[in-house]
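Here is a short guided reading of one protein chain. Keep the sequence and the model side by side as you go.

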Amino acid sequence: MGSAFIGLGANQGEPDATFRAAARALARVGRVVAASSLYASAPRDMIDQPEFTNAVLELETDLEPPDLLLTLKRLELSLGRDPQGLRFGPRVIDLDILVLEGRCVDDPELDLVVPHPRLAERRFALEPLAELDPNLRPWEACCDDRGALTVADLVPRVSDQDMRKVADPEWIDVQV
């Protein structure tokens, strides 16, 4: 089993309830090891929309990256995500593979890049990730000049982005 760090985001409906449903579903394809706190963040790319709620889960799973991606996409649909929704627009749920510990993936056919291609520029992903594992090196296994950087190294670079903690990790209702 390997660790996958999954980013959760939403700004429609009841994000905390949707996140709990996502965690329960993910517990059926692996073991949810840890959950970050919940954070509220300002929208970034399409700013005329409500603020987002974000969190990160650590999932131990045997799923290969393409299968994990497919599982996340199916889960998004089952939780009410509109597959025709605007990119960067409002959503009931967004599930992203942020990091696969010890792995790099670049699969243009599946539009799958891990570590997430915009991870280093997103406080809403980095801060909850740092809460779970500040010493995690997302690009350690990659042929990338960022291989020595830890998540904790990256957080100060995005500290100017608006974000606040809104709930402790107890929001999750699966055994971690």
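The paragraphs below go from the whole chain to single residues.

This is a predicted model. The chain holds 4 helices and 8 strands. Their order along the sequence is β-α-β-β-β-α-β-β-β-α-α-β. The radius of gyration is 15 Å, close to the 16 Å that the globule rule gives for 176 residues, so the chain is as compact as a globular protein of that length. Along the principal axes, the C-alpha atoms fill a box of roughly 40 × 35 × 35 Å.

Next, the inside and the surface. Of the 176 residues, 47% are buried. The chain exposes about 8900 Å², and carbon and sulfur atoms supply 47% of that area. How do contacts spread along the sequence? Among contacts with a separation of 6 or more, 71% link residues 24 or more positions apart. Charge is the next point. The chain carries 19 positive and 32 negative charges. The mean positions of the two sets are 2 Å apart.

Now take one strand residue. Asn 54 sits in strand β4, which covers residues 52–61. Is Asn 54 buried or exposed? Its relative accessibility is 4%, so Asn 54 counts as buried, the cut-off being under 20%. Which side chain does Asn 54 meet in a polar contact? The partner is Ser 41, at 2.7 Å. Ser 41 is also one of the residues that Asn 54 touches beyond four places in sequence. Leu 8, Gly 9 and Phe 19 are on that list too. So are Ser 37, Leu 38 and Tyr 39. Phe 124 completes the list.

Helix α3 spans residues 123–132. Is this helix enclosed or open? Of its 10 residues, 7 are buried, so α3 is largely enclosed by the rest of the structure. Arg 123 is among the buried ones. The others are Ala 125, Leu 126, Pro 128, Leu 129, Ala 130 and Leu 132. A general point helps when looking at such a list. An α-helix has 3.6 residues a turn, so residues three or four places apart point the same way.

The loop before α3 has a backbone feature of its own. Pro 115 lies there, between β7 (112–114) and α3. The peptide bond from Val 114 to Pro 115 is cis, with omega near 0 degrees.

Two further loop residues deserve a look at their backbone angles. Phe 88 is in the loop between α2 (65–78) and β5 (94–100). Phe 88 is not a glycine, yet its phi is positive, at about 70 degrees. With 27% relative accessibility, Phe 88 counts as partly exposed. Asp 111 is in the loop between β6 (105–107) and β7. Asp 111 is not a glycine either, and its phi is positive, at about 55 degrees. How open is Asp 111 to the surface? Its relative accessible area is 66%, so Asp 111 is exposed.

Last comes the end of the chain. Gln 175 lies in the segment after β8, the strand of residues 163–167. At 72% relative accessibility, Gln 175 counts as exposed. Where does Gln 175 stand relative to Ala 34? The two are 141 residues apart along the chain. In space, their C-alpha atoms are separated by 9.0 Å.

Key
Residues numbered from 1 in each chain as written. Predicted model: local features only at pLDDT ≥ 70, side-chain atom pairs only at ≥ 80, totals over all residues. Heavy atoms only, no water. Helix = DSSP H or I, 4+ residues; strand = E, 2+ residues; numbered from the N terminus. Rg over C-alpha atoms; globule rule 2.2 N^0.38 Å. Buried < 20%, exposed > 50% of the residue type's maximum accessible area, 1.4 Å probe, protein only. Contact = heavy atoms within 4.5 Å. Areas by Shrake-Rupley, 256 points an atom, 1.4 Å probe, with all protein chains shown as cover. Lys, Arg positive; Asp, Glu negative; His and termini not counted. Charge placed at Lys NZ, Arg CZ, Asp CG, Glu CD. Polar contact = N/O pair within 3.5 Å; in protein donor to acceptor, adjacent residues only side chain to side chain.
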